[in-house]
Amino acid sequence: MHTGADAFGNVRSLFSIYAPHEQLRVEATSRLRVRDRYAGMDPAASPAWEQVRESLQYRAATPYVPATEFVFASPFVPRARELGEYARVSFTPEQALVQSAIDLMHRIHADFRYRPASTEISTPVLTTFRARTGVCQDFSHVMIGCLRSIGLSARYVSGYLLTEDTPGRPRPIGADASHAWVSVYCPLLGWVDLDPTNDAIPQEKHITLAIGRDYGDVAPLRGVIRGGGEHELTVAVRVTRCEPPST
């Protein structure tokens, strides 16, 4: 077994089991402290999206900007004209980048229907976009495709949700399973997370597990099993609030 970092800075563990076995159980437990990263953020004060787009384009003899890696198409997220046209309804001329991205998030949440088991991870983004239905991975892939199709940097965020019931508020979508949302790059604010599935700016209840270009970079568990016979995969996630440490 080996633990290290991948190309995006995520911590990952690699292991191999060569002995014959009938069951494999992988269990991960984490305890962490979360905070509201966007307290006091003013979306309207972010730079115009065209200005950011220009800063992400290649120019000889200029400093390398790591965020430019997330402008391009990736295996699960293409750049497409119809995605760009959909995005430009929110990204009007000289509009603030974060304000426009939030509006795009609102529109995807309103226009798309969350329907479990309606798609598979291999379902093309444009198929999901045209059907206007899917799950959190689809919502995220569509929004990332929209942002990249107009020249902006967007990355895929995989994580979990604290789904405890809050009086007066609906239970977040993504309970008891991995969740996905989007991060858009803004030079002044860094990476700003947006959750189109729940139409929310992630705060204390969103727990980041890993980031990548799309789902293919951040699958919680993947590998190869060699052997015959049938196999079945079961997954369970539990997120609970810890008691504050005693002083």
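**Figure 1. Helix 3 packs against helix 5 in this predicted model.** Helix 3 (residues 97-111) and helix 5 (residues 136-149) pack at an angle of about 140°, and their axes are 11 Å apart. Helices here are DSSP runs of H or I with at least four residues, strands are runs of E with at least two, and both are numbered from the N terminus. Axes are lines fitted to C-alpha atoms, for helices over the stretch in contact, and angles run from 0 to 180 degrees between N-to-C directions. The angle makes helix 3 oblique to helix 5, because angles under 35 degrees count as roughly parallel, over 145 as roughly antiparallel, 65 to 115 as roughly perpendicular and the rest as oblique. The crossing of the two helices is right-handed; that is, the near helix is turned clockwise from the far one by less than a right angle, whereas an anticlockwise turn would be left-handed. On the helix 3 side, A101, L104, M105 and I108 meet F139, V142, M143, C146 and L147 of helix 5. Contact means heavy atoms within 4.5 Å. The residues of this contact are 9 nonpolar, no polar and no charged. In this classification Ala, Val, Leu, Ile, Met, Phe, Trp, Tyr, Cys and Pro are nonpolar, Asp, Glu, Lys and Arg are charged, and the others, Gly among them, are polar.

The numbering starts from 1 along each chain as its sequence is written, and side-chain values use heavy atoms, with hydrogens and water left out. Because the model is predicted, local features need pLDDT of at least 70 and side-chain atom pairs count only at pLDDT 80 or more, while totals for chains, interfaces and linings use all residues.

**Figure 2. Helix 2 crosses helix 5.** The axes of helix 2 (residues 81-88) and helix 5 come within 8 Å and cross at roughly 85°. That makes helix 2 roughly perpendicular to helix 5. L83, G84, Y86 and A87 in helix 2 touch G145, C146 and S149 in helix 5. By class, this contact has 4 nonpolar, 3 polar and no charged residues. C146 is also among the helix 5 residues that meet helix 3.

**Figure 3. Four strands form an open sheet.** The order of the 4 strands is 7-6-5-8, and the pairing is antiparallel. Two strands pair if DSSP finds at least two bridges between them. Strand 7 (190-194) and strand 8 (206-212) are the edge strands, each pairing on one side only. From one strand to the next, the twist averages 35°. Strand 5 (residues 154-161) is joined to strand 8 by 6 bridges, and V157 stands opposite I211 in strand 8.

**Figure 4. Helices 3 and 5 lie across strands of the sheet.** Helix 3 lies across strand 6 (179-186) and strand 7, running at about 155° to strand 6. Helix 5 lies across strand 5, strand 6 and strand 7, and runs at about 15° to strand 6.

**Figure 5. Strand 1 and strand 2 form a hairpin.** Strand 1 (residues 2-5) and strand 2 (residues 11-14) run antiparallel and are joined by 4 bridges. H2 has L14 as its bridge partner, and T3 stands opposite S13. There are 5 residues between the two strands, and G9 in the turn has a positive phi of about 90°.
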